[in-house]
Amino acid sequence: MSTHQPPMPQAQAAAPHWQAAPGGPYPGYNSPIPVVRTHLGHTLAAEWTKIKSVRSTMWTLGVFIVLVVGIGLLAGALIEANSDSDSLSGENPLSFGFFGLLVGSICIITLGVLTTASEYGTGMIRTTMTACPSRARVLAAKSIVFFAVAFAVTLVTSTFVAMVQASMLEGTGARTPSGQDWLKATVGVSLYMALLGLLSLLIGSVIRHSAGAITIMIGVVLAPLVLAMFMVTESLDKLREWLFEYSIPNQLSVFYANSLTESGPSGWDPLWIMLVLTAAVYAGAYSLLQSRDV
């Protein structure tokens, strides 16, 4: 006689609890997942997840750190090796961090553009706008997250380079940096670089094309200085001087008290100039984002 036992019936999952929708005769489904109203914090978390999970962020910031630290330490080593006890008498030893930051600004510009323009290139922007239909909130979240990342990385890198250079050049006659010198060479340049990157992010949002936006930003950084160098006609003296004074490389050098001209921006002026320029472009990017389709 067969001993085969028929399979025991398995317990079935409980049917979902259907209830009539308020004011309607037909039942509806009540999800166990709580429904909450989204806010800026959710968008910030999403943008942070995106910016930290893509390879371009790690590669771009990695190259930035290598350039700033490498060029800064190389400049410090060369100056130390070719200087005697009075070669840098009265000079600010922190000013030699300028070279690395100037080259590294290309990385910050590239990352800023890619933060927005790459989503338009891949079509990811449709998913972003579907998840968060508020375009103003998306632009604000991208700006806040990028600014915080760029500022933090630049601050850590520039502070490290400044500390190493100050210790390397102690025996060259360079003066001891004041508190204002340290503040401008670390926090000041970090804020300026973060604003420059934020400006690139906004240009990427306006242009919606990575290569085009990067090209525009590189032109904004380099073109005024290059044009001024070849304006040798006397009638163009005022224009040449203005281009020198307000070029981004010269504004960056002001934080190190190493300006190309005796007039023009000084102290914290470059930071306010970049802040006003970025705010104006932000307003334009917001207006276009509201009026154009994704």
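**Notebook: pockets and a greasy patch**

Started with the biggest pocket: α3 gives the largest share of its lining, six residues. Worth jotting down before going on that I'm working from a predicted model.

I pulled the volume next, and the largest pocket comes out at about 250 Å³. I then listed the elements that put two or more residues into that lining, and got α1 (40-53), α2 (55-81) and α3 (98-122). The lining runs to 14 residues, and V54, L114, T115, S118 and E119 are the ones nearest the pocket's centre. Sorted by class, I have five nonpolar, five polar and four charged residues around the largest pocket.

**Second pocket**

Which residues lie nearest the centre of the second largest pocket? I looked, and they are T43, A46, T128, A131 and C132, out of 13 lining residues. I noted about 210 Å³ of space in there. For the secondary structure, I found that α1, α4 (124-131) and α5 (135-168) each supply at least two lining residues. Here α1 has the largest share, with five residues. I ran the class split for this lining too: five nonpolar, five polar and three charged residues.

A cross-check between my two entries: α1 is on the list for the largest pocket, and α1 is also on the list for the second largest one.

**Surface patch**

Moved on to the outside. I found a nonpolar surface patch of about 430 Å², made by L236, L239, W242, Y246 and I273. Which helix gives the most to the nonpolar patch? I get α8 (residues 237-246), with three residues.

I picked L239 for a closer look, and it sits in helix α8. Is L239 buried or exposed? Neither, by my notes: L239 counts as partly exposed because its relative accessible area is 40%, which falls between the 20% limit for buried and the 50% limit for exposed. That 40% also clears the cut-off of over 30% for patch residues.

**Whole chain**

Last, I stepped back to the overall layout. I count ten helices and two strands in the protein. Reading from the N terminus, I wrote the order down as β-β-α-α-α-α-α-α-α-α-α-α, so the strands come ahead of the helices as DSSP runs are numbered. The protein has 294 residues, and I have 39% of them down as buried.

Methods. Residues are numbered from 1 along each chain as its sequence is written. This is a predicted model: local features need pLDDT of at least 70, side-chain atom pairs count only at pLDDT 80 or more; totals for chains, interfaces and linings use all residues. Side-chain values use heavy atoms; hydrogens and water are left out. Patches are made of residues with over 30% relative accessible area and no salt bridge: like charges are joined within 9 Å, nonpolar side chains (Val, Leu, Ile, Met, Phe, Trp, Tyr) within 5 Å. Accessible areas come from the Shrake-Rupley method with a 1.4 Å probe; for residues, only the protein chains shown count as cover. A salt bridge is a side-chain nitrogen of Lys or Arg within 4 Å of a carboxyl oxygen of Asp or Glu. Helices (H or I, at least four residues) and strands (E, at least two) are DSSP runs, numbered from the N terminus. Buried means under 20% relative accessible area, exposed over 50%, partly exposed in between (1.4 Å probe, protein chains only). On a 1 Å grid over the protein atoms alone, a cavity is a set of points where a 1.4 Å probe fits but cannot get out, and a pocket is an open set with protein on both sides within 12 Å along at least five of seven lines; lining residues have an atom within 4 Å of a point. Grid points are joined across faces, edges and corners, and a volume is the space filled by probe spheres set on the points. Ala, Val, Leu, Ile, Met, Phe, Trp, Tyr, Cys and Pro count as nonpolar, Asp, Glu, Lys and Arg as charged, and the others, Gly among them, as polar.
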